[in-house]
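Please open the model in a viewer and keep the selection panel at hand. The stops below follow one another as selections to make.

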Amino acid sequence: MNTLLSSKKPILKVSNLKQHFVVKREALFQPKQVVKAVDGISFDLYPGETLSIVGESGCGKSTTGRSILRLDEPTEGDILYKDVSLTGMSKKELRTIRGDIQVIFQDPFASLNPRRTIRQMLDEAMAIQKVLPPKQREARMLELMQNVGLRPEYLERYPHEFSGGQRQRIGIARALAVNPKVIICDEAVSALDVSIQAQILNLLKRLQRDFDLTFLFISHDLSIVKHISDRVMVMYLGKIVEIADKASLFKNPLHPYTKALLSAIPVIDQTIKRERILLKGDVPSPLNPPAGCRFHTRCPFATDLCRDEEPLLRELETGHSVACHFAEKLSVI
């Protein structure tokens, strides 16, 4: 782990987080089925860093973000923000924390109210969190528009009058309006064109530096993650399989699943030869996850031990943890 980060106290601490959803029964006597979207994960988020969560669709990364925000009530576990438990808070108490932890959603159009102008949305956010007196909000809104690269006159427009990239800038401005400390970016650039993605990523990095922000960045695109992250957490079927600083993870991945993900990153330099690792089979259903290591059904190195015993997430190198029985052997492959 980055020595600068290791010397800090976590701003957010997630312990044994579980998010299980009961499937609605189609028949009266049908057995109860439970989707284990997130199944006992723990990690720390440090001030000023960008921790990215990556994995295939359905691995639980977005559900993790929603659970931290308590948009979905966690089934089990604890979430500490500055040593204060969020899971034990009432909705009224939680409202006081909303200003500190904000979110940027994947679809900027769906997350903006089509009946309100940008001015009304920014003003409403500041009013709810009591950020500034009404007379001072105008200057703040103009400042926010400048910060995200939009013209002041756009305050009078509605969401449908903007492009996708501009809408995401508005979403970022709304998150910044209440002076947050932590922002959860839930696939914040995945719906944008590649050129616009680069602009938004550069904007996020600049805002992080200027406003001392901490990001939990959720994405399925490892090229983007490599650009913006300090640390990377890899999830598979509701579990963390590997977590490390960016340089260590991209240079020396220790889990077979991480190796497969990294092998799929496009290489621009044609002189570099990279062997693509193709995983067999589909991701198992979270309704009935495999026993033992959840990746064993697709892992080319799986043994009986993998099928019978779930590997614990353990630190093999400083700041580099992996959940694999044979990580030491696979690290040299």
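Buried means under 20% relative accessible area, exposed over 50%, and partly exposed in between, with a 1.4 Å probe and protein chains only. Helices (H or I, at least four residues) and strands (E, at least two) are DSSP runs, numbered from the N terminus. The model is predicted: local features need pLDDT of at least 70 and side-chain atom pairs count only at pLDDT 80 or more, while totals for chains, interfaces and linings use all residues. Residues are numbered from 1 along each chain as its sequence is written, and side-chain values use heavy atoms, with hydrogens and water left out.

**Stop 1: strand β7**

Select β7, residues 182–186. Five of its five residues are buried, so β7 is largely enclosed by the rest of the structure. In a regular strand the side chains alternate between the two faces of the sheet. Here Val182, Ile184 and Asp186 lie on one side, Ile183 and Cys185 on the other, and all are buried.

Next, add the strands beside β7. Two strands pair if DSSP finds at least two bridges between them. β6 (residues 101–104) pairs with β7 in the parallel sense over four bridges, and Ile104 has Cys185 as its bridge partner in β7. β8 (214–218) also runs parallel to β7, joined to it by five bridges; Ile184 is matched there with Leu216. Include α7 (194–211) in the selection, and a right-handed β-α-β unit is complete: β7, α7 and β8. A crossover is called right-handed if, with the strands pointing away from the viewer, the path from the first strand over the helix to the second runs clockwise.

**Stop 2: the sheet of eight strands**

Extend the selection to the open sheet that contains these strands. Its eight strands have the order β6-β7-β8-β3-β9-β10-β12-β11, with mixed pairing. β6 and β11 (314–317) stand at the edges with a single partner strand each, so one side of each is left without a neighbour in the sheet. Neighbouring strands are turned by 20° against each other on average, direction ignored. Axes are lines fitted to C-alpha atoms, for helices over the stretch in contact, and angles run from 0 to 180 degrees between N-to-C directions.

At the β11 edge, select β12 (residues 320–322), which pairs with β11 in the antiparallel sense over three bridges. The bridge partner of Glu315 in β12 is Ser321. Then show α10, which lies across β9 and β10 (239–245) and runs at about 110° to β9.

**Stop 3: the nonpolar cores**

A nonpolar core is a set of buried Ala, Val, Leu, Ile, Met, Phe, Trp, Tyr and Cys residues joined through side-chain atoms within 4.5 Å. Which members of the largest core touch the most other members? Select Leu122 and Ile172, which do so among its 35 residues. The elements that give two or more residues to this core include α4 (118–129), α5 (134–147) and α6 (164–176). Not counting residues up to four places away in sequence, Leu122 touches Met141, Leu144, Met145, Leu155, Ala173, Arg174 and Ala177; contact means heavy atoms within 4.5 Å. A second, separate core has 29 residues, among them Ile68, Met233, Met235 and Ile240.

**Stop 4: aromatic pairs**

Rings of Phe, Tyr and Trp (its six-membered ring) pair if their centres lie within 6.5 Å; planes under 30 degrees apart count as stacked, over 60 as edge-to-face and the rest as tilted. The whole structure holds four such pairs. Select Tyr154 and Phe162: their ring centres are 5.4 Å apart and their planes at 70°, so the pair is edge-to-face. Both residues are buried.

Move on to Tyr236 and Phe295, an edge-to-face pair with 5.1 Å centre to centre and 85° between the planes. Tyr236 lies in β9 (residues 231–236) and Phe295 in the loop between α10 (256–263) and α11 (304–308), so the pair ties together parts that are 59 residues apart in sequence. Tyr236 and Phe295 are buried. Add Tyr257 to see the cluster that ring pairs form from Tyr236, Tyr257 and Phe295.

**Stop 5: the sheet of four strands**

Finally, select the open sheet with the order β2-β1-β4-β5 and antiparallel pairing. β2 (33–45) and β5 (84–85) are the edge strands, each pairing on one side only. Helix α2 (residues 61–69) packs on this sheet, touching β1, β2 and β4, and its direction makes about 110° with that of β1.

Within the sheet, β1 and β2 pair over 10 bridges, whereas β1 (residues 12–23) and β4 (residues 76–81) pair over five. Centre the view on Lys18: Asp39 stands opposite in β2, and Glu76 is the bridge partner in β4. Further along, Lys13 has Leu80 as its bridge partner in β4.
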